[in-house]
Amino acid sequence: MFELEEKGYLYLLLLIPILLGLFFYVQWWKKKKQSEFGDLELIKKLSPEQSLFKPILKFGVVLLAIFFLILGLVNPKMGTKVEKVKREGIDIVFAIDVSKSMLAEDVSPNRLEKSKQLVSQIINKLGDDRIGIIAYSGSAFPVLPITTDYSVAKMFLQSMNTSTISSQGTSIDQAIDLSTQYFDKKDKTRKLLVIISDGEDHSNEAEDAAEDAKDLGIKIITIGVGTENGGRIPLKVNGIVEEYQKDKDGQIVVTKRNPEVLTNIAKATGGNYIDGNNTKSVVDFITERLKNIDKNEFESIQIANFQSQFQWFLGVAFFLLLLDVFLSERKTKWVKKLNLFNEKE
């Protein structure tokens, strides 16, 4: 097993045929100029120590050195070592409200972006916990299945917007029901659902869904974003506000955070409600809660540890360059006696 870390440097190998072509062109040009100067046989007799083979040998050594230098830059990695790694943590699912009311800018930059910032900061504090992401508004949608790849999780997180789900509303109950599919039903502990919402326009089934989640051993923490004074919902085109969301009577909608709903959902599972407007408080609270939850051992994962091999290629390249310094273009006396390359008649 092997992999190439910096494949882009392989394009430098094109230098080798170019240099090879230049070398033979220079040799042809020198021979041509020598023939214009005088008889080639006479010139050979005038410079008896000049080797025909040595320049080719020296150039070949330099080309090999360049070849190994390029391979060193590519950094081939060999994967001869396989380890079984065991992780300990809990399963955490983040359910994020992506309804239109989350565009309100009563918190900066808006409720949805604030929610994504909160989740990203929480992820930064996690260890070996597995995470999943759900988006919901009028219905729930699985954004990311349970994973330990936090970088991928953040990528999917940033791609979420109010267009992720077409149906509007705040169906927290559907988000809770969908989260149950993320968790191992056999395990009655070590499962946490974090719901981030303004709590507005919710369905009445949310608390019933929370009771069902409690029976499965799921603890729910709710985070409320937005203010209780509320804010308008801007409708933007190319980042510019054209108008604000209006109701069926043509009145501008003012959306307010509803902490009571979120508090009741959390209490139904023995969880907590947190004010999400203070990022540090939320992150500190979640981090502290995770310390007090028993960890679960995940299934062993096989990981191939690829070891960098660039140093061997660079070592060979530097050796060849050093060898080139000591190679002379003149004939070697003891080799000359052997006449290996038919350099004397």
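Buried here means under 20% relative accessible area, while partly exposed runs from there up to 50%. Keep that cut-off handy, and remember that this is a predicted model.

**Stop 1: helix α4.** Select residues 111-124. At 1.5 Å a residue, these 14 residues should span 20 Å, and the end C-alpha atoms are indeed 20 Å apart. Now colour by burial: 10 of the 14 residues are buried, so the rest of the structure largely encloses α4. Among the buried ones are L112, L118, V119, I122 and I123, but also R111, K114 and K116.

Add N110 to the selection. N110 caps the N-terminal end of α4, with a side-chain oxygen 3.1 Å from the backbone nitrogen of L112.

**Stop 2: a pair inside α4.** Show side chains for E113 and K116, which form a salt bridge with the closest N and O atoms 3.1 Å apart. The two sit three residues apart in the helix, so about one helical turn separates them. An α-helix has 3.6 residues a turn, so residues three or four places apart point the same way. Which partner is buried and which is partly exposed? K116 has a relative accessible area of just 2% and is therefore buried; E113, at 28%, counts as partly exposed.

While you're here, pick R111 together with D106 and D198: salt bridges link these three in a network.

**Stop 3: the sheet.** Switch to cartoon and find the open, mixed sheet of six strands, ordered β6-β5-β4-β7-β8-β13. Its edges are β6 (140-147) and β13 (273-275), each pairing on one side only. On average, neighbouring strands are turned by 15° against each other, direction ignored.

Zoom in on β7 (191-197) and β8 (218-224), parallel strands joined by seven bridges. One spot to click is L192, whose bridge partner in β8 is K219. Then bring up α8 (259-267), which lies across β7, β8 and β13 and runs at about 165° to β8.

**Stop 4: R130 and D91.** This salt bridge has its closest N and O atoms 2.8 Å apart. R130 belongs to β5 and D91 to β4, so the pair ties together parts 39 residues apart in sequence. D91 is buried at 6%, whereas R130 is partly exposed at 26%.

**Stop 5: D324 and K58.** Last selection: another salt bridge, closest N and O atoms 3.1 Å apart. D324 is in α10 (310-326) and K58 in α3 (54-74), so this one ties together parts 266 residues apart in sequence. D324 counts as buried at 17%, and K58 counts as buried at 15%. A search of the whole structure turns up 10 salt bridges.

Notes. Residues are numbered from 1 along each chain as its sequence is written. This is a predicted model: local features need pLDDT of at least 70, side-chain atom pairs count only at pLDDT 80 or more; totals for chains, interfaces and linings use all residues. Side-chain values use heavy atoms; hydrogens and water are left out. Two strands pair if DSSP finds at least two bridges between them. Helices (H or I, at least four residues) and strands (E, at least two) are DSSP runs, numbered from the N terminus. Axes are lines fitted to C-alpha atoms, for helices over the stretch in contact, and angles run from 0 to 180 degrees between N-to-C directions. Contact means heavy atoms within 4.5 Å. The expected span of a helix is 1.5 Å times one less than its number of residues. Buried means under 20% relative accessible area, exposed over 50%, partly exposed in between (1.4 Å probe, protein chains only). A polar contact is a pair of N or O atoms within 3.5 Å; within protein, one must be able to donate a hydrogen and the other to accept it, and residues adjacent in sequence count only if both atoms are side-chain atoms. A salt bridge is a side-chain nitrogen of Lys or Arg within 4 Å of a carboxyl oxygen of Asp or Glu.
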